[in-house]
Amino acid sequence: MCGIVAYVGEKDAYSLILKGLKRLEYRGYDSSGIALLEDGELNVYKKRGKVADLESQHAGKALKSTIGIGHTRWATHGEPNDVNAHPHYSNNRKLAIIHNGIIENYASIKQNLIKKGHVFQSETDTEVLIHFIEDIQHEAGNSLEDAVKLALREVVGAYAIVVMSVDHPGQLIAARKGSPLVIGIGENEFFFASDATPIIEYTKDVVYLDDYEVALVRDGKLTIQNLDNTETIPYIQTLEMELETIEKGGYDHFMIKEIFEQPRSIADSMRGRLNASEGHLQLGGLSGYMDDLVKAERIVIVGCGTSWHAGLVAEYLFEELARVNVEVEYASEFRYRNPVITEKDVVIAISQSGETADTLAAIELAKSKGATIFGICNVVGSSIARASHAGAYTHAGPEIGVASTKAFTAQVTVLTLMAIAVAKKKGTISDETYRHLLYEMENIPALVEKVFENATKIKEIAYIYKDSNNCLYLGRGFNYPVALEGALKLKEISYIHAEGYPAAEMKHGPIALIDEDMPVVFLATKDSSYEKIVSNIQEVKARKGRVIAIVTEGDTLIPSMVDFVIEVPEALEILTPLLSVIPLQLLSYYVAVMRGRNVDQPRNLAKSVTVE
Ligand code: M6R
């Protein structure tokens, strides 16, 4: 949550940072701000609302500087307003800071500083941190970088920060713990950002800062030290991201672009890993740790939101194919539950961003108990990827829409490959089944493409149901997690109340909700639960519920019973989620657009949840 971007070099810092903030806006979008060093003055410009509001407030003004820091906020401490927006000044207004994360012990630090005469403008923890740094700097005549390190040794919580000072033109100090920070290295210029999206058009050389590291750019030179002053050699990596992957490319929203990208992103998740005609399946990131997966007595999967739903699909996959006991946990519950975990357990952490605070904490806990950790992340170099013993990137490409779409199908793809590989090694599937599964997997992108042929029909259905107040999603087996995912998609972007349930649970309570105003979306593909789902549909129709059913192409029974059907191509039951989720993504998207919602940046949400 929150996006930070900073620049020092020879270019115009204001326009560069503003552009960077627009790229990072998906991380938080309730206010934004920029601090610049202009003719020896440290000036802060900030505004409640979107980055565009900040831009229009300063349109026409000549904001000239070659050094600056910028921030787009997702409020934690203090409501979203101009004052609480970042950057924040220190007490003497000689320092400014941007911060992503939470300083948990800010209240006690603030009290001490107030006693010393500090006056605070905002309600934020961030302003306390920069006052604290100033206080330490002056107390014993510390250099600014030492003051930053000393302050960070005292604070509890998570942070990615960049600090600039009016007394040190040309200098930026950055640090991280628990919140991402990447440094771009250009020709006589440096960039700092929460992720690489503001950087890629200028340089592909980047350094990912590690926890407890402090980066200092001074006199055109980058040095990195730990909080205890040990110097580390910057490890420069080459970004593989391409600019067009973070632009809308002619689509109205990132979400619809990302939905339609899925044939390619699913193929990318398999690229180099799967070759059906050669019977080849290998996930490079797992080699060396495959035995742990094969011998695991239990697999515990942790994640949040959509990633947790992908974990539920994986539970069905691993149990079905590899005959191993699987438990799927909300990372936020797992981390505080004193769970029974031993070195015989394998933990799979699933996260698109690789930065979700609860998931990161869950794996640290499992690691401390001796479990082997596999990370399934989309963002390369992310905290979860780095904290894991082994893992596989999903390679879906940047996902910018807050609602997760292509990341989900990429996660399910990678988890399916993992389950097949483990099953083959354990001997729980025959060679024939193994071969067959590989061919079926290879064919999935083409089948997803076919689902898109129904887009116009889905739009028409969306128009009919767009004014609903509630919606129920029901599915069984592999389609149960898809029902949950469909409901999450609808509620988060359209603000329609939606619930997902295992279809058989309906009669234990939710059936009381059914009347002629209740749309019910059934996942009713031809699989081992088909007859049971047909009965559930009848139970809903008997109570006048309005049913939209996702069915297998060519089904004639269910279309005769329900209000609308959306067909998906026939596929193996275990691969159904990769197809049946697509119409639900499209339905949510069209409903949200018709209701006039901000699809890519729904209210109260942020793409990367780096706070608890
Ligand atoms: O980055 P992660 O996959 O760890 O994020 C987990 C959830 O915050 C995320 O899936 C969230 O639920 C999405 N908004 C769902 O569309």
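A disulfide here is a pair of cysteine sulfur atoms within 2.5 Å. Hold on to that cut-off, as the cysteines come up below. What you're looking at is a predicted model. The chain has 612 residues, and its radius of gyration of 25 Å agrees with what a compact globule of that length would have.

**Cysteines**
- How many disulfides does a search of the whole structure find? The search comes back with zero.
- Take Cys-2: the closest cysteine sulfur belongs to Cys-304 and sits 18 Å away, so that's too far for a bond.
- Cys-2 is also buried, with a relative accessible area of just 6%.
- Cys-471 is buried as well, at 8% relative accessible area.

**Overall build**
- You'll find 18 helices and 27 strands along the chain.
- Measuring along its principal axes, the C-alpha trace spans about 80 × 50 × 45 Å.
- Take the contacts between residues at least 6 apart in sequence: 71% of them link residues at least 24 apart.

**Inside and outside**
- Is most of the chain tucked away? Rather than guess, go by the count: 61% of the 612 residues are buried.
- The chain exposes about 23200 Å², and 47% of that comes from carbon and sulfur atoms.

**Charges**
- The chain carries 61 positive and 83 negative charges.
- Average the positions of each set, and the two mean positions end up 2 Å apart.

Key
Residues are numbered from 1 along each chain as its sequence is written. This is a predicted model: local features need pLDDT of at least 70, side-chain atom pairs count only at pLDDT 80 or more; totals for chains, interfaces and linings use all residues. Side-chain values use heavy atoms; hydrogens and water are left out. Helices (H or I, at least four residues) and strands (E, at least two) are DSSP runs, numbered from the N terminus. The radius of gyration is taken over C-alpha atoms; the globule rule is 2.2 Å times the number of residues to the power 0.38. Buried means under 20% relative accessible area, exposed over 50%, partly exposed in between (1.4 Å probe, protein chains only). Contact means heavy atoms within 4.5 Å. Accessible areas come from the Shrake-Rupley method with a 1.4 Å probe; for residues, only the protein chains shown count as cover. Lys and Arg count as positive and Asp and Glu as negative; His and the chain ends are not counted. The place of a charge is taken as NZ of Lys, CZ of Arg, CG of Asp or CD of Glu.
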